[in-house]
Each structure stands twice: as C-alpha cells, then as structure tokens.
Amino acid sequence: MAKMESTLKNMVLSLTLISMLMAALLGTVYTMTKAPIEKADKEKEISAVKEVLPAYDNDPMKTKKEIDGLTFYTGTKSGQVVGCAVRTFTTKGFAGRFDLMVGFKPNGTINKIAVLEQKETPGLGAKMTDSKFIDQFNEKNPAVFRLKVKKDVGDVDAISAATISSRAFCDGVQKAYDLYMKNFAKPVVAGAATTDTVKVKGGQHE
Amino acid sequence: MSNMKAFTNGLIKENPTFVLVLGTCPVLAITTTGFNGVGMGLATAMVLVLSNVFISLVKDYIPDKVRIAVFITVIATMVTVVELLMKAYTPGLYKALGIFIPLIIVNCLVLGRAEAFAQKKGVWASFLDGLGMGLGFTIALTLISIVREILGNGSFFTIPLLPAGSSTMLLFILPPGAFLTFGLLFAIMNALKKKYKM
C-alpha cells in the first residue's frame, strides 16, 4: 500500500488517531500497574521500618504521622513504646537529596539507620550503605555523640573521599533527632500516638 | 536482506554502541555496575522492539511530513509503559536506573531505528531488528559496566573480588573512567574487526 499523502487532512487525522491510541494504551497500562506499584512502595516502607526498629508487635503503618516533611512511625510491644522510625532526608548530598530511615529508642538513642534512596557517586558517597560507616551510629545517643564528621569537630568517621556525603548523612540524622526529641520524647505527644500514657512515661526513662 | 541478517546485524556488525555510536549518554552515565548495565540495556531493548513493531504496523498511515512527531509520540508512550512496568515489578532496578529510564525517549538509537528501518520494513523484520539492536546495546553496556565495576569497585555483579577495604581505581567509576573504558573497548572492537575482516 502506498504511503499516505501529506495533506493537511491526512496529517491531522493520522496524528490525532495515533495520539488517541497511545493515550488509551497508557491509560490501560497505568491502571494495570497502579496496584502493584503501590504495593511495592508500601513493602519498601514496611521493610525499612522493620529494619531500624527494635522488635515490635503493632502495625507501625497505623501510627504514621507527618511533621515538617518527615514521617514518624511508632513501634510498640505489648502496649509499650519500643522506638520510633523516622523517615528523614537531606538535600546536601553530592547528588542532591537522599532519604534515610532512622530508628530511635524512646530516650533518643539511635537504634539503626537504613538508606532508602540515594544517588550518590558509586564507590564514593554510595558507600554510606556499607556497615563500616552506617553501623557506627548504632546505640549512639546524639545528645552526647556529636553528629558531625571529625573534620568538623564531631564524632562521626567520614567515608574516605566522600566528606560531602558524610556531612549530608549527619545532617539528615540530626534533623530526624531534633524533630523526634521535640515531638515524641515528651509523654504528651507520644501518648497521642499510642493509647497507654502511663507505660509511655515508663518507656521515656528507659 | 534476509530476516536473520536483520537480527544479527545489530549484535556486532552494526553494533549500536561500538559501530553506529548512537545513544552514548546512557552508555557513559549508568554503566557503573554490572546490574545497571544489563538492566538499562534490556529496558532499551524492550522499548526498541515495541516501538519498531508498532511503527512498522502503522507505517502506511503516517504521512511523511509528520512522521517524526508520530515516532516520538509512539516512543514516549512505549518508554512510559516500560517505566510503569519496571516500577511495578522490578522496583529495585527502577530505583537504580532512576532518571535514565524516562531519558530512553531521547535516545537517538530508538528514533534512529524507527526512521532507518521500521518505517520501511515489515513487522517481523522490524521486530528482529529491534531485538538485535537492543541486544547489541545490552552487550555493549554490559561489557563496559563489567570492566568499570571490576576496576573501580573491585566486584563483579556485586560479588566482591577483593577483600573488604582494599583500594580500587575509583577513577573508573567516575565519568572519566566511562570515557576511558568506552574508548579502549572501541579500539579493541575495531582491531578485532580488522583482523577478522568483518
């Protein structure tokens, strides 16, 4: 069959029809993948919360709370608060923003940190996921452990040749700590997240 | 040209990266680990096959003067489809490749095959051409990323080859290493082709 001639009518018709067809295809695929995408996102969230919190037996997704752009998930075990996972971020990374999940114990001690999303340079800043760097924060309380790299008179061992990423990492953790202490370490606010105020108080002095 | 030739063409003789030198942006940017290389190659291959097939199906209904607009519409749609599928079923890979998936739209390799092949040939031949070019692209990306990962990070598809903490040639993970590896592999390919008169 010969090619369609480039008359105005043909061109408009052809472009319109193909665009409509493509739009229909996109719509179909979007509806098809909507549920699996949401599921994948949620699973990612749950697994990160699980990783950074001490053992808990409630559903932290239900205690989800957003304050100043950070998300807080409280974990409780038999009604007692065991910790809080904070989704935090920094915009100071070498490649811009990256996201962390920091798990705090009720007294503000860091339980564990997980990296959620980062696009730092592989082999340099991306080494923040190595246990050598990330595990140094475990069991440290930012009240006494200065969240700054040693170069800036802090207590954090920076990733070699990636001071910018290390600084950004500290910035993200610090942000999470400050907001956590401000909003959750007080029994009043923490009590709102659970139902048992008395036990929360006990947890605070842990 | 026989159909089989349409397929094998893209693998070596007209390898999109080492011979046609099309779409070098992802070649240089994402080849930092083996998995990224394979993933990006396969994603591009999928887009190539889908867009080649679709364009050769509707080629008779595309007036010449608006063909580029039609091609880009088709390619953009196919890329979005692949992007959504990856997001849903391979979220880990999607996360690693990030912005480079939507950027397949402007990979001139995809548009180039639509213009040079799919709009003139039959559906089956276009399918094979897309597949061959896509796999050729995947092979090239994989080769480059393997070299860069081994030299720059001391690992092969994330399996460490060196004891933890040993120093590696970081340069190869960074952009200059991409150019160096690309150039060296390019030279090796050309030398081999000359030797075997391909």
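Select chain B and colour its residues by burial: in this predicted model, 47% of the 198 residues of chain B count as buried. With chain B still selected, switch to a cartoon, in which the secondary structure comes to 8 helices and 2 strands. Followed along the sequence, these elements give the pattern α-α-α-α-α-α-α-β-β-α. The radius of gyration of chain B is 18 Å, close to the 16 Å that the globule rule gives for 198 residues, so chain B is as compact as a globular protein of that length. If you draw a box along the principal axes, the C-alpha atoms of chain B fill roughly 60 × 45 × 25 Å. Should you display contacts within chain B, counting those with a separation of 6 or more, 77% of them join residues 24 or more positions apart.

Now bring chain A into view and select the residues at which the two chains touch, where 27 residues of chain A are in contact with 30 residues of chain B. Which element gives the largest share of the side of chain A that touches chain B? That share, 16 residues, comes from helix H1 of chain A, residues 8-52. Coloured by class, the side of chain A that touches chain B shows 15 nonpolar, 7 polar and 5 charged residues.

Next, hide chain B and select the strands of chain A, where an open sheet of 5 strands has the order E1-E2-E3-E4-E5, with antiparallel pairing. Strand E1 (65-67) and strand E5 of chain A stand at the edges, and because each has a single partner strand, one side of each is left without a neighbour in the sheet. On average, and with direction ignored, neighbouring strands of this sheet are turned by 25° against each other.

Add the helices that lie against this sheet. Helix H3 of chain A (residues 163-183) packs on the sheet and touches E1, E2, E3, E4 and E5 of chain A, its direction making about 140° with that of E3(A). H1(A), already met at the contact with chain B, lies across strand E2 (70-77), strand E3 (80-93), E4 and E5 of chain A, and runs at about 155° to E5(A).

The sheet can then be walked strand by strand, beginning at the edge formed by E1(A). E1(A) and E2(A) pair in the antiparallel sense over 3 bridges, and among the facing residues Glu66(A) stands opposite Thr71(A) in E2(A). In the hairpin of these two strands, which has 2 residues between them, Asp68(A) takes a positive phi near 50°.

Move on to E2(A) and E3(A), which run antiparallel and are joined by 7 bridges. Here Thr74(A) stands opposite Cys84(A) in E3(A), while in the hairpin, again with 2 residues between the strands, Ser78(A) takes a positive phi near 40°.

Finish with strand E4 (residues 96-104) and strand E5 (residues 110-117) of chain A, which pair in the antiparallel sense over 6 bridges. Select Val102(A), whose bridge partner in E5(A) is Ile113(A), and then Gly103(A), which stands opposite Lys112(A) in E5(A). What does Gly108(A) do in the hairpin of E4(A) and E5(A)? In that hairpin, which has 5 residues between the strands, Gly108(A) takes a positive phi near 95°.

Definitions and conventions. Residues numbered from 1 in each chain as written. Chains lettered and ligands numbered in written order. Predicted model: local features only at pLDDT ≥ 70, side-chain atom pairs only at ≥ 80, totals over all residues. Helix = DSSP H or I, 4+ residues; strand = E, 2+ residues; numbered from the N terminus. Rg over C-alpha atoms; globule rule 2.2 N^0.38 Å. Buried ≥ 20, exposed ≤ 12 C-beta atoms within 10 Å, placed from the backbone. Contact = placed C-beta atoms within 7 Å. Nonpolar A, V, L, I, M, F, W, Y, C, P; charged D, E, K, R; others polar. Pairing = 2+ DSSP bridges. Axes fitted to C-alpha atoms, helices over the stretch in contact; angles between N-to-C directions.
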